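Please open the model in your viewer, with the sequence panel beside it, and follow the selections below in order. Each stop says what to select and what is to be found there.

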Amino acid sequence: MQKLTPPGLPPWLESMLPSGCERYRVGLSAARMHVLEMGEGKPVLLVHGNPTWGFLYRRVMSELAEGGMRLIAPDLFGLGFSDKPRRLVDHTLVTHAQALRELILGLDLRDVVLVVQDWGGPIGVLAFEDCLDRVS
């Protein structure tokens with residue numbers, strides 16, 4: 001999966017990101033998704049709810065950075081720095097879960113620890129519906 005350049009951040013916001021946090025976008029079937037990532041090791045997928053974004057997990061990522069984990073916090077479509085689809089049908093649990101599944105497969109995440117908040121719960125669980133062997 002090709003990592004695309006993310007949009008710029010205002011300095012005050014960039015200063016709030018943990019040191020060593022990488023930002024990128026990925027082109028998925030429906031739109032581009034913005035991702036925060038840091039660390040190496042066992043993948044931990046952090047899925048936010050509504051109306052938040054991956055930035056919600058910045059302090060969690062900072063605390064876990066040295067723990068041998070690859071921390072991945074995407075922004076769901078319509079939120080954060082991901083694209084903002086205008087059609088209502090693009091904002092269902094199913095369409096968000098399909099996009100998240102595409103990210104999981106595209107980054108080849110395996111043995112994933114899933115951390116969810118709010119509607120990130122059903123989205124995260126549904127994303128692994130057809131690839132249960134990838135979640136621990």
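Begin with helix 4 (120-127) and colour its buried residues, which are Gly120, Gly121, Ile123, Gly124 and Ala127. If you then display what surrounds them in this predicted model, you will find that the cover over these buried residues includes strand 4, helix 3 and strand 6 (113-116).

From there, widen the selection to the nonpolar interior. The largest nonpolar core has 25 residues, and Met33, Leu45, Leu100, Leu103 and Ile104 are the members that touch the most others in it. Two or more residues each are contributed by strand 2 (22-27), strand 3 (32-38), strand 4 (42-47), helix 3 and helix 4, and helix 3 provides the largest share, with five residues. In soluble globular proteins, nonpolar side chains tend to be buried together. To see how one of the core residues is surrounded, select Leu45 and show what lies in contact with it: leaving out residues up to four places away in sequence, Leu45 touches Ile72, Pro74, Leu100, Ile104, Val112, Val113, Leu114, Val115 and Phe128. Apart from this core there is another one, of 16 residues, and Leu36, Val44, Tyr57 and Met61 are among its members.

Keep Leu36 on display, and ask which residues line the largest cavity. The lining consists of Leu9, Leu13, Leu17, Arg23, His34, Leu36, Trp53, Phe55 and Phe81, and by class it has seven nonpolar residues, one polar and one charged. The volume of this cavity is about 40 Å³, and a search of the whole structure finds one cavity of 30 Å³ or more.

Next, select Glu37, which is placed in strand 3. Is this residue buried or exposed? With a relative accessible area of 7%, Glu37 is buried, because that value lies under the 20% cut-off. Its side chain makes a polar contact with the side chain of Arg70, at 2.7 Å. When neighbours within four places in sequence are set aside, Glu37 is in contact with Lys3, Gly20, Cys21, Glu22, Tyr24, Met61, Arg70, Leu71 and Ile72.

A second buried charged side chain can be found by moving to Arg134, in the segment after helix 4. Arg134 has a relative accessible area of 10% and is therefore counted as buried. The partner to display with it is Asp108, whose side chain makes a polar contact with that of Arg134 at 3.1 Å. Beyond residues up to four places away in sequence, Arg134 touches Ile104, Leu105, Asp108, Leu109, Arg110, Asp111, Val112 and Phe128.

Two of those contacts deserve a look at the backbone. Most residues other than glycine have a negative phi, and most peptide bonds are trans. Asp108, in the loop between helix 3 and strand 6, has a positive phi, near 50°, and is partly exposed, with a relative accessible area of 42%. Asp111 lies in the loop between helix 3 and strand 6 as well; its phi is also positive, at about 55°, although Asp111 is not a glycine, and with a relative accessible area of 41% it is partly exposed. For the peptide bond itself, go to the loop between strand 4 and helix 2 (58-64), where Pro51 lies: the bond joining Asn50 and Pro51 is cis, with omega of about 10°.

Return now to the segment after helix 4 and select Leu132, which is exposed, with a relative accessible area of 58%. A distance drawn from its C-alpha atom to that of Arg110, 22 residues apart along the chain, comes to 9.7 Å. Drawn instead to Gly78, 54 residues apart in sequence, the C-alpha to C-alpha distance is 26 Å.

That second line brings you to the last stop. Gly78 is in the loop between strand 5 (69-74) and helix 3 (93-106), and it counts as partly exposed at 24% relative accessibility. Not counting residues up to four places away in sequence, Gly78 touches Asp83, Lys84, Pro85 and His91.

Conventions
Residues numbered from 1 in each chain as written. Predicted model: local features only at pLDDT ≥ 70, side-chain atom pairs only at ≥ 80, totals over all residues. Heavy atoms only, no water. Helix = DSSP H or I, 4+ residues; strand = E, 2+ residues; numbered from the N terminus. Buried < 20%, exposed > 50% of the residue type's maximum accessible area, 1.4 Å probe, protein only. Contact = heavy atoms within 4.5 Å. Core = buried A, V, L, I, M, F, W, Y, C linked by side-chain atoms within 4.5 Å. 1 Å grid on protein atoms, 1.4 Å probe; cavity = no way out; pocket = protein on both sides within 12 Å on 5 of 7 lines; lining within 4 Å. Points joined across faces, edges and corners; volume = space filled by probe spheres on them. Nonpolar A, V, L, I, M, F, W, Y, C, P; charged D, E, K, R; others polar. Polar contact = N/O pair within 3.5 Å; in protein donor to acceptor, adjacent residues only side chain to side chain.
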